[in-house]
Amino acid sequence: MNITSDVKDAKLTATVTIPAADVDAIIKKAYKAAAKQYRFPGFRAGKAPRPVIDSALGKDAVLAQATNELIGSNEGNVLNELDIVPVKEGDYQEIDLCADGTDYTYTVEFTLRPSAELSSYDAVEIEMPPAEVTEAEIDQQVDMLMGYHATFEDVERAVEGSDYVTVDIKNVANAEALAGEGRVIAMGAGHLPKEFDEGLLGMNVDETKTISWTPEVEGAEGASVEVTVKGVKERKLPELNDEFAKTNFGFDGVDAMRDAVKLEIESDKSSQLPQLKENRCVAKLAERLQLDEMDEDYEQSVFQELGQNFLQSLSARGMSLDGWLQANRISSEDFIADLHRQANDVARESLALDALARELKVEVSAEDVDGEFERAGIEDVEASKAQFVADGRMPAVRDSIRRSKAVDWLVENAKVTEVDEAARAAEAKAE
């Protein structure tokens with residue numbers, strides 16, 4: 001197989017020539033299949049000669065089947081040779097029927113993901129929590145545990161920023177998912193638009209107000225609801241002392257409880273900080289991507305992949321998408337909008353890593369590919385690699401390796417400032 005290609009405006013046009021010997025083998029296979037599939041009077045199944053088949057079915061019909069098989073069976077090899085991951089199905093052009101004893105040539109156009117540059121290829125600067133456990137982190141965890149023993153008391157005053165508010169919500173425009181009676185809203189939880197929380201602040205019981213906002217999604221229509229406050233509760237935490245720690249948490253006292261919490265946080269940090277550092281490095285790198293608008297085709301391909309992964313995750317848990325949406329009180333429109341936002345973020349991060357990998361001149365060796373399959377626990381690496389090539393998935397494996405190497409460089413060279421984020425959050429809350 002011989003391939004020549006040209007790239008222009010994120011479109012790769014490839015001209016593929018398949019040797020006559022391979023063409024003959026595919027044509028022979030197509031005739032054998034036709035002989036078995038159809039009944040030809042006077043001949044046993046699979047024994048009808050080509051002239052009989054041509055007379056009954058038409059020569060072009062069999063050659064058309066052979067041509068489809070010829071192109072389809074070679075697509076994975078073409079993608080592998082070009083080392084590309086198209087964002088759409090290939091657009092096959094100038095497709096003629098193949099013929100015996102003749103090389104077969106065809107042209108296909110693939111849409112590629114955009115190639116963007118970074119404003120800087122220097123090491124990124126990020127903030128990270130310290131490796132050691134801080135007192136503020138212990139306080140934060142203890143407060144969370146105490147929250148399980150919180151009580152909620154009715155108060156006769158206007159809504160404040162940390163209250164739990166019971167409301168009746170009527171949809172006015174484009175907010176069907178929020179509508180309902182007796183809904184309890186945790187102020188400041190971040191589950192609802194910030195305009196909604198801001199609108200509730202200062203309202204009194206039996207007061208009604210219309211609250212409007214525009215979702216932060218391009219092209220989204222404004223939303224509006226009519227809210228009536230039915231009750232206001234203040235969250236009260238019990239006093240934490242040695243007796244409470246012993247009775248409710250099984251510790252000898254407050255000091256023992258804090259020591260246990262510290263050990264748990266240490267364990268969490270040892271497993272979570274490496275991934276957190278990687279995520280922050282990649283996110284910071286993506287901020288440098290010089291791309292005003294994401295390519296729609298690429299964003300859509302990432303969107304579909306994220307959606308498929310999420311559906312598979314739900315299926316593994318025995319849940320349907322409709323059931324999950326209802327359980328989480330999320331509309332399908334909001335879910336899709338959020339998934340598109342995620343897809344845009346993932347697409348930008350991927351393109352940023354691609355740009356860095358090009359700048360670093362990252363290469364992928366055969367040993368790198370073998371290692372990727374071995375780490376996945378594949379027993380027959382060679383057979384699995386062959387299947388990946390046939391399916392057109394091997395370029396995606398190489399892409400993953402290149403990006404992983406770029407991430408390794410990012411993490412290794414990042415300039416890190418340690419920040420006690422729990423202490424900073426506590427200070428902001430106190431203000």
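Colleague: How are α4 and α7 oriented relative to each other, and at what angle do they pack?

Modeller: Two packed helices are described by the angle between their axes and the distance between the axes. In this predicted model, α4 and α7 pack at an angle of about 110 degrees with their axes 9 Å apart, and α4 and α7 are therefore roughly perpendicular to each other. Axes here are lines fitted to C-alpha atoms, for helices over the stretch in contact, and angles run from 0 to 180 degrees between N-to-C directions; angles under 35 degrees count as roughly parallel, over 145 as roughly antiparallel, 65 to 115 as roughly perpendicular and the rest as oblique. The helices themselves (H or I, at least four residues) and the strands (E, at least two) are DSSP runs, numbered from the N terminus.

Colleague: Which residues make the contact between α4 and α7?

Modeller: From α4 the contact takes in E135, E137, I138, D139, Q141, V142 and L145, and from α7 it takes in M257, R258, V261, K262, E264, I265 and K269, where contact means heavy atoms within 4.5 Å. These residues divide into 6 nonpolar, 1 polar and 7 charged, with Ala, Val, Leu, Ile, Met, Phe, Trp, Tyr, Cys and Pro counted as nonpolar, Asp, Glu, Lys and Arg as charged, and the others, Gly among them, as polar.

Colleague: What should I take into account about the model and its numbering before I go on?

Modeller: Residues are numbered from 1 along each chain as its sequence is written, and side-chain values use heavy atoms, with hydrogens and water left out. Since this is a predicted model, local features need pLDDT of at least 70 and side-chain atom pairs count only at pLDDT 80 or more, whereas totals for chains, interfaces and linings use all residues.

Colleague: Where in α7 does the kink lie, and which residues of α7 are buried?

Modeller: An α-helix has 3.6 residues a turn, so residues three or four places apart point the same way. Helix α7 covers residues 254-286 and has a kink of about 45 degrees at Q272, shortly before the proline P274; the bend at a residue is the angle between axes fitted to the seven residues ending there and the seven starting there. The buried residues of α7 include V254, M257, R258, V261, I265 and K269, and further along L273, C281, V282, L285 and A286, where buried means under 20% relative accessible area, exposed over 50%, and partly exposed in between (1.4 Å probe, protein chains only). These buried residues pack against β5 (125-128), α4 (135-147), α6 (242-249), α10 (332-360) and α13 (394-413).

Colleague: At what angle do α10 and α13 pack, and which residues of the two helices meet?

Modeller: The angle is about 80 degrees, with the axes of α10 and α13 9 Å apart, and α10 and α13 are therefore roughly perpendicular to each other. On the α10 side the contact is made by S350, L353, D354, L356, A357 and L360, and on the α13 side by R402, R403, A406, V407, W409 and L410; they divide into 8 nonpolar, 1 polar and 3 charged.

Colleague: Is D354 of α10 buried or exposed, and which residues does D354 touch?

Modeller: D354 counts as buried, at 12% relative accessibility, and D354 touches R113 and R403, not counting residues up to four places away in sequence.

Colleague: At what angle do the axes of α2 and α3 cross, and which residues meet there?

Modeller: The axes of helix α2 (residues 50-57) and helix α3 (residues 59-82) come within 6 Å and cross at roughly 100 degrees, and α2 and α3 are therefore roughly perpendicular to each other. In this contact I53, D54 and L57 of α2 meet K59, A61 and V62 of α3, a set that divides into 4 nonpolar, no polar and 2 charged. Y31 in helix α1 (residues 20-37) is buried, with a relative accessible area of 4%, and Y31 touches R50, I53, D54, K59 and V62, not counting residues up to four places away in sequence.

Colleague: Which residues have a positive phi although they are not glycines?

Modeller: Most residues other than glycine have a negative phi, and most peptide bonds are trans. D83 has a positive phi of about 55 degrees, and K361 also has a positive phi of about 55 degrees. D83 is in the loop between α3 and β3 (91-93) and is partly exposed, with a relative accessible area of 27%, whereas K361 is in the loop between α10 and α11 (366-375) and is exposed, with a relative accessible area of 67%.
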